[in-house]
Each structure stands twice: as C-alpha cells, then as structure tokens.
Amino acid sequence: MRFARIASILALILLLLITGSIVLIAYNQPRVIAFVLASINRRTGVNIVPRSSSITFSNHLVVVLDEPEITAKGRPTIKLKTLRASVGYHSLLTQTGLPLYGLRALNPEVILPVESAETAAIPVPKPGAESVAAIREALQTLGRIAWRVEVIEATVRYADGHPLIEHLGVVAFHKRRNPGQWSLSFDTRISGGPVAGSNAAGKFTIDAFPQTPPVAFGRGQIWTWNVPLKHLEAQGIELVGGLQGHLKFSIKDDGSLIGAVQAGGADLTLKGQGLSTPIKLGDYTLQTALSFSNGLLAFNQLILKHVDRPLVSAETEVVEPFSLNPEIGVKVGGFRLDASGLKQKLLLVRRLPTEVEAMLKRLRPGAVSIGAVTLSASLDKIKTTPLKALRENLVVSAQIESAGFTLPEDLKLPSVEQLGAQLHFEKGVLTIAQGGAKLGNSSIHEVTARVDLANGVEGAKYEAGLAIDADLGDLSPAIFNAMQQYKLDWREHIQRVGGRIDIGATASGALSANNMTPPSDYRVVVTPKGAQVAVKGPPGPFHLSRGMVAITPDRIRFEDLMLAITGGDAVLNGAVSSFREGVEMHDLTLDLHQFPSDLWLSLLVDPSDLALHGPIGGRVILNTARKDPKVILPAGKLTLTKGDVQFNFLRAPIEVQGATVTMDRKTLVLSMPGSLLDKQPIDFTITVPDFRNPSLQIVAVVQKLNFEVMKFIRMPWSPSTTPVNFPLPSSGHIEARFGNLAAFEMSDIKTDFYRKPSGDWSVYNFSANAYSGTMKLDLIGRAQDNWVHLNGSMTDADPAPLFMLGGKIERSPLLGRMSIGADLWANTDTDFYNTMAGDVSLTVRDGTLDKFTLLSRLLSFIDIKNWLTAQIPDPRITGVPFKTLLADFRGSGGVFSTDNFILHGPVMDITATGSIRFSDSTLDMQVGMFPFDTVDWVLNKIPLIGERVGSGTGKLVAAYFQVQGPIGDPSITPKPITSVAEFVMKALGMPINIIRPHTIK
C-alpha cells in the first residue's frame, strides 16, 4: 500500500509538473523557440531565422518555423518553406531541448556558393582518415541536433540561379540503442549539367563513432537511371540512348572505398548528319569492382557485354588521383572485331575520305582478336600529347585471322585472302610475327616486321622480312603493269611469264609519312622453280630451272642460274651493281652450251644489223672498267660450230665452219676462217681493238669476190639504196684472188678502207689486175651529199673487153694497150653523169681504131685510095691503125672538153677539139683527118724541129669536119680547109708543149 501511495504521489507530482510545463511553455512560446534556436546556434554555429513560428503539443513538442532562412558563418545557404522540429519534453527540461526528436525540412532551396560555369571549382572530397573524421564530426554534430532528419522536395541551385537538383528527398536517423550508427537514404532528380533529366537514389549506413575492433566506416548503395547520353558527338555522329547504374560500396576508417559497379545502356544508337541511316547498337552492360583511396582509383574486373555476350574485359587505375598530374593506367583484356560488321557500319558514315571509303569497300570478311591492351601515362601527357603518350606507353597484342581485301585495280594484283598475323605494340615498337596470306595462287608466309614508332612515323626505323611462293602467271598482269609504269624498253619484247619462284626478302630503313621511300638496306633472294618467260619473236620461251638471284641495294648476284632455251642452255654467275648512268659488272660469267645464237643475240642487237644462226658454246666473263663503269671489259671465248653470220652491209650471209669470238678485256676478235661468202672461200676477221674507244677493224681474204655482195657498193649511175646503219668507225683490208664489179672482172685485188660514223668513207690503196693491165684507185665519199671523189689509173689494159662489158656490141671500136688517169667528182645520189667533173687523161698505144658509125661516116667524105699502099690495108675495112692515141679531158656538169685529141698512125693522123656530154652521149667536136705526109709537112713547120724533117713534103692535103649529135648517130659537116694549118699546128703541138711548154702558141 505504501509503495502504491508513493507511486501515486510521484505520478501526481509529475502530472502537475508536465501540466505546469505545458502551461508555462504555452504561455512563453516565443521565449521557448528563441531558446531552442539559440541552443542550435551555440552548439553548431548555424543560425535559423524564421518569418513566423508556432508550437503544437502532442507526444512531443512540435515547433513549426515558417519560411526560415538558415545561414552559416553569416552567409545564407538554405531557404525553406517550413522547418518542423519535434522536441522531447524530457530533453527540453533536462538538455535544453536537444537533441531534437525529429527535424523535417519542407521544400528547402539550397544555394551553392559557385555559379554554374564554376563547377570545376567545387572541391571533391578526398578519401582518407581526415575525410572520415570530418564526416563523423558532422554526423556527431547532427546527432546533437536531432535523432532524425527529413528533407522533402528539396532543390539545389547554383549562385546564378541555374538548377542542379530537384525533388530531392533525404532521410537520416540514428536510434537510441545504437546512437552512433546513422542510416541515410535519398531520392532525387538531376535537372542541370550534362546528365539533366536523370534520376538517382541511395541508401547508406554510417558509424559516427569509431568501433573497436575497427569495422567499415560506412556502407551503402547508389542507383541511377534515365541517364541520358548527350553531347557525345564527333564528325556529325552522335551516340544517343539511356544509361542506368548501380554502385554497392563500403568505406573503411582510413577513407578507402571498395565496391562493385554495374551499369548498362539501353537502345544505344548512332545517328546524325554524318550517317546515311542510324545505326542501332542495342543494349550493353558494364560491371566492375571499384577501389578508391587517397592514392589510387581502380576499376578491376571490368567486363563489357552486349546483351549477355562478353565483348571486352579491362582494368584501370588512377595513381594519385588528387594530385596535379595523376598517373593513369588502363589494361583491356581480349576482344574480337568482326571485319564485315565493322565495314557495314563504317560505310554508313557520310563524307568519309575517298581513300578510306575505297579501302573499306575492298575489305573482305575476317576478324581481329585483341589480346591484352595496357596504357600507363600521366594525365598531363595524355591531354597535351595524346599520340606521343600512346606511342610511348601503349602495349597491345592482336591476332589477325582469315582477313582479306582486294587491291586497287591499277596494281593488277589478285585479292589478298587468308591474311593472318600476330601484332604486338609496346613502348612505341610495333612487331609483326607469323604473318601470311594468299595472293591469288601465290602464298605469302614468314612475314615479320619491327618498327620503332617512339618518335613518330617520320623517320621511324624498321626491319621486315617475308617469303613468297609466287605464281608468275597469276602475277603477270602486275609485272607487265609495273614495266609499263617504269617505261622499261624491253617490256614490248615479253609476251608472257609463267611458272613459280620462291622469294625471300628482308629490308630495313626509315619510314616517311609523306613519301614512299625505298629501304636503305634490303636483300631479296629469288629461287626459280620452273619459271618460264616467253618473248615476242626471238629468243622465244626460256626456262629458269635452278639457281639463285640475290638482290641488294648495291648489286644483284647470280649463283648457278640456269637459263634453258630450246636447243641449248646457259648458266649465269657473278654480280652486277647499279650506278647513276648504267650497270657495273663484277665477274658476270655466262657459260653457254649449244645455245641458239639467233635467239639471244636478237635481245642485244637488231637482227637487221647483225644476225647469227647456229649453236654457240663457251664462256664469257664480263667486267666493267674501274675508271669508267660504262665501259664493258669482256673476257672469254665463244665458238659457233656451224652456222652463218649475216651482217647488215652484206647481201649474203657468211657460212661458217667454226667461228670464234675471243675477248680479252679491251679487245674483241671475231674470227671466221675457212668460211664461205657467195659460195666462195673466205677468211673473215673483225677486231674491236679497244672497247673504251670502240671501232671496227675488218680483214677479209677471199678467193673470189663480187663487190656487189656489199650493199653499199653499186654502179655510180645506178639508183641509190637505203643507207646502211653502221654507227662505229670502221676500217680494214680486203684481198681477193679474183673479183668483179658487175661485168668488170679483176684479179689480185687488194685495198684498204675506212668508214666514219657520220657516213663519210674512203677506199684507198686499191690495186688490181684487170684486162692485162694494172689498176690503182683511191675513192672518197661524202655522206652529206653522196659526192664521190675518184683518183686512179689503169695501165696497159686491153680496151676491147671494156667496150663489150655492156653486151650491146660484139666488136670493140678500139684495140691496143690503153692507159687512163682520172681525177673525177660526181654525185651518186642524183644524176651521176650530169654532176660529173674533173680531169681524164687517155693514152692508147699500138692499136687500131676499128670502124664504127662515126669513123665510117668520116672516111666516107674523103678519097683515101691514093694513100694506100700494099703495106697499108684499107681503113674502111680493117680500121685505122695508130701508134699512139692521146687525149686530155676536163669537164664539169657532165660535159668534158679536149683540145688535144690526137691519133698518130701510119695511114693518117686524126685530131679533134670539142666536148662530149655524158648525160646524153652527145658530141660537139671539130675533127681533122690528115694523110701521113701532111703530118710530115706540118712538123717541118714547127720550130725547133726544123725544115729538114719535112723537106720532102710540099703539099697540105687534109679533111676538116664539124661533128655533132649522139655518138651512135652523129651528124658530120665538112668544113673549109683554108685555116686548117693553124688547127693542125695546135692539135699536133700538144705533145711538144708537154716536153717544152709554150713551144707552139
């Protein structure tokens, strides 16, 4: 009973106290509110100034502040519509009202101390013990204010009024049984910045006081959704769609954070003016493990998926993320790119560079598998020199699998298929290994390369190598195309190529971003495997069956390279090197066996200039002169066992029975002993004394030579022929036991000659026996106008065969022993007779002037029966005998004149003056005919001879005629004899004047 009374009394007292307190608080509302706000300001430094306030009594004392403004450190930070504080009666009486039971903010408006353009100036909290301590201190402060805090429909704005967050709701509370553990949650919509329109929510648990033993400072989750993709645009192409994400994390006492992130993109699409049509990418998800501390931000086990198919895995970290220049490291795991799919998407891009679009269209199906990709570089380097940062710090491995592409049409190459290679890029060095591909029927393999790109593409050093099993027939269009582009002269000779060759190549040099520069060092080894090359015309198809060709920058080396042609083969060894103006040869050795000479020589010499027929064998070693590499110095010997040689200046070939070509560096000798020319034996030798100053020396000894077998020799009056191409200076000596020029026959012929490249020529020291006489002759020809200068003589020849050479007469008009001296010029290219000029001297002894038309007509005008005796036959029948016939002719323009023609004989003397026109064979002469005693009388009148010589003669009987017209049918007119003495004296005085000039005038 006593306990019940005590309890009742205490309850009554408590009721009286509460009632009194309520009455007291109700009576002193302004003072109570001011007291509470002052307590908050005193404990937290936060000053709350309401427009109005009220108190409501229920389970707790509820203080309502209308439109309060909260300031911190004298600066307005938050404006609210209503701030509702629930105060416990007990705490009000014992602890000045704090902590509040609950604090609810309705429609608060938070104003950030920066403008929207200054968001970068907002400090980011650094993870660490200091940040954890600061958060704990803030929560402890909040714990001294209230047990529960609610924010309803809050907004956050920048100082310039631009919105950042709206519809923000926050609930934070801790419980009496565990006052240090706070639970927080929020839900909001972001209305400003690049992700405006997205939503976010979170839920956290934080320990405001350190625990023993230490536990996680906080843990929680954050959700985002409806995050729009904006401003992700490049070259008119924009990525659009929505993102969502989920972060689950825990924070340790040292401020480090670990967690897991899962994000996704829905309906991702590429669109914009840069695409002909939008590209739907679909749904993607990303998941990763997160760790964040003051010195490291890392994303581990990052996996990107398309729907449910993993695409790529990665890891990334940022070292010292809050420093001025953090170090960024990225490692991407393996993924695979499909060439066809990528090609189709890229071709939708508008305004692609023409060369890029053409390259994409040539791309064939294939894939690229990317292995590990790592990048580690400072943020400053990535921002300022991104390409350099990639070159120096990127490490990537890749595998090209079954790729292919077509090459540009102008290359004339088959498409590349089954392309595969391993690629590795590390610290600026790109390496390629195990590369290979198919190029039509050709196989490319063992492709390797190493390129140092640390300092960029320009000047980057590289090394590369490959091997090719090449099908020449498949590659022939490209080979011919390259020949055409480089304008190789021998392109027109090659008809087709075929067969296979093995090519091994290595190269090194420096790259150029703007120019295709050849490698500074390379080696290409070509091994034929039945290669075939067919040329148009000779030498026909030939085969490369074995051996090797090694090509380096300074030379091409041949090792046992076998060239096989129908009927023979050759083996090539040695080397050639190139210089600016030609090719330098180093012991280039060619071993020939039964090699068809007509086939290979046509590649070196025009067959119209020189043609060989027949198999040749032997060895030739070619070198070039050290002081002048343009000069070739051959050595060796070749033999043409049986065949023929056709020179362009001969009308018939020389048939050989063992011709040899001997070469001794500077000298070349072509010797053809025991050969046949026009079925006549001939020993023929051509010598080139010095290749440095090339010229030809020809020596020929022939049994019988028809001079017209040489194309450049013709009768002067015959039509001109096509000039012979003979570009080298030539000289030589010819001997013939017998010979002929047309019908003119000779024997014991010897002559020397030379011919200049300009075409000027000379035949000198010509000597021969002809028609019982001897000949000597010098000829000079000018190429510029085809004038010929002839200077020669014929001594004691029988003139009769000469008159009958043409075959038109059967009986010679002149008999005796004839000597002729001539110095003549004429043009052999226009009209020989009309251009002939010079001097001719004629002497005939002990002969007969046989009857012919002119002589017969002259004799018909005189009565010579009184002249005849039994010792002197009738000249009208047997002709006019004479002791001497002398005449000198001088002419020009084809007209030759004489004033000293004299025939002296036992029957009569004949003199003549006048001219002969050779172009039409016409005469215009004065002819005198004298009996022998008349001559004696005239001689008696010649001074120095005296009257004693002709003392028995006192009469002058003579015939004097004017002869004109064609030689074969002249017109003869008798002339008066009144002045014949003077004529006879001048005509017969010429021999005397020769002995003693000016004897007869």
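**A walk through the strands and helices of a predicted chain**

Ile809 lies in the loop that connects helix 11 (799-803) with strand 50 (814-827). The model is predicted, and this loop residue is a convenient place to enter it. With a relative accessibility of 34%, Ile809 is classed as partly exposed, because partly exposed covers the range between the 20% limit for buried and the 50% limit for exposed. Together with Phe803 and Met804, Ile809 makes a nonpolar surface patch of about 230 Å². The value of 34% matters for this assignment, because a residue needs over 30% relative accessible area to be part of a patch.

The whole chain gives the setting. It contains 17 helices and 57 strands. Of its 1001 residues, 39% are buried. The accessible surface amounts to about 54700 Å², with carbon and sulfur atoms contributing 58%. If contacts are restricted to residues at least 6 apart in sequence, 50% of them link residues at least 24 apart.

Helix 4 shows how burial is spread over one element. Helix 4 covers residues 129-145, which is 17 residues. From the first C-alpha to the last, helix 4 spans 24 Å, close to the 24 Å expected at 1.5 Å a residue. Which residues of helix 4 are buried? They are Val132, Arg136, Leu139, Thr141, Gly143 and Ile145. A general point helps in reading such a list: an α-helix has 3.6 residues a turn, so residues three or four places apart point the same way. Val132, Arg136 and Leu139 are among the buried residues of helix 4, and the reader can check their directions in the structure.

A second helix offers a single residue to follow. Arg391 belongs to helix 8 (residues 386-393) and is partly exposed at 23% relative accessibility. This value puts Arg391 outside the buried class, because buried requires under 20%. Beyond its neighbours within four places in sequence, Arg391 has contacts with Phe425, Lys427, Gly428, Leu453, Ala454, Asn455 and Gly456. Asp452 is 61 residues away from Arg391 in sequence, and their C-alpha atoms are 9.3 Å apart.

Next come the strands, beginning with strands 16, 17 and 18. Strand 16 (residues 257-271) and strand 17 (residues 279-292) run antiparallel and are joined by twelve bridges. Within this pairing, Gln262 has Gln287 of strand 17 as its bridge partner. Strand 17 also pairs with strand 18 (residues 296-306), again antiparallel, through eight bridges. Here Leu286 is opposite Leu304 of strand 18. Three residues separate strand 17 from strand 18, and the two strands form a hairpin. Gln287 and Leu286 thus mark pairings of strand 17 with strand 16 and with strand 18. In general, the side chains of a regular strand alternate between the two faces of the sheet.

A further group of strands is arranged around strand 42. Strand 42 (residues 667-677) pairs antiparallel with strand 40 (residues 654-656) over two bridges, and Glu655 has Leu676 as its bridge partner. Strand 41 (residues 659-664) is likewise antiparallel to strand 42, with five bridges. Asp664 is partnered by Thr667 of strand 42. The hairpin of strand 41 and strand 42 leaves two residues between the strands, and Arg665 has a positive phi near 60° there.

Strand 42 continues into another hairpin, this time with strand 43 (residues 680-688), to which it is joined antiparallel by eight bridges. Two residues lie between these strands, and Asp678 in the turn takes a positive phi of about 55°. Two positions along the pairing can be picked out: Leu677 is opposite Gln680, and Val669 is opposite Thr687. Strand 43 pairs in turn with strand 44 (residues 696-706), antiparallel and over six bridges. In that pairing, Phe684 has Ala700 of strand 44 as its bridge partner.

Thr639 gives a link back to strand 41. Thr639 sits in strand 38 (residues 632-640). Is Thr639 buried or partly exposed? Its relative accessible area is 27%, so it is partly exposed. Outside its neighbours within four places in sequence, Thr639 is in contact with Pro615, Ile616, Gly617, Ala659 and Thr660. Strand 41 covers residues 659-664, so Ala659 and Thr660 fall in that strand, given that strands are DSSP runs. Arg619 is 20 residues from Thr639 along the chain, with 9.3 Å between their C-alpha atoms.

Conventions: Residues are numbered from 1 along each chain as its sequence is written. This is a predicted model: local features need pLDDT of at least 70, side-chain atom pairs count only at pLDDT 80 or more; totals for chains, interfaces and linings use all residues. Side-chain values use heavy atoms; hydrogens and water are left out. Helices (H or I, at least four residues) and strands (E, at least two) are DSSP runs, numbered from the N terminus. Buried means under 20% relative accessible area, exposed over 50%, partly exposed in between (1.4 Å probe, protein chains only). Contact means heavy atoms within 4.5 Å. Accessible areas come from the Shrake-Rupley method with a 1.4 Å probe; for residues, only the protein chains shown count as cover. Patches are made of residues with over 30% relative accessible area and no salt bridge: like charges are joined within 9 Å, nonpolar side chains (Val, Leu, Ile, Met, Phe, Trp, Tyr) within 5 Å. A salt bridge is a side-chain nitrogen of Lys or Arg within 4 Å of a carboxyl oxygen of Asp or Glu. Two strands pair if DSSP finds at least two bridges between them. The expected span of a helix is 1.5 Å times one less than its number of residues.
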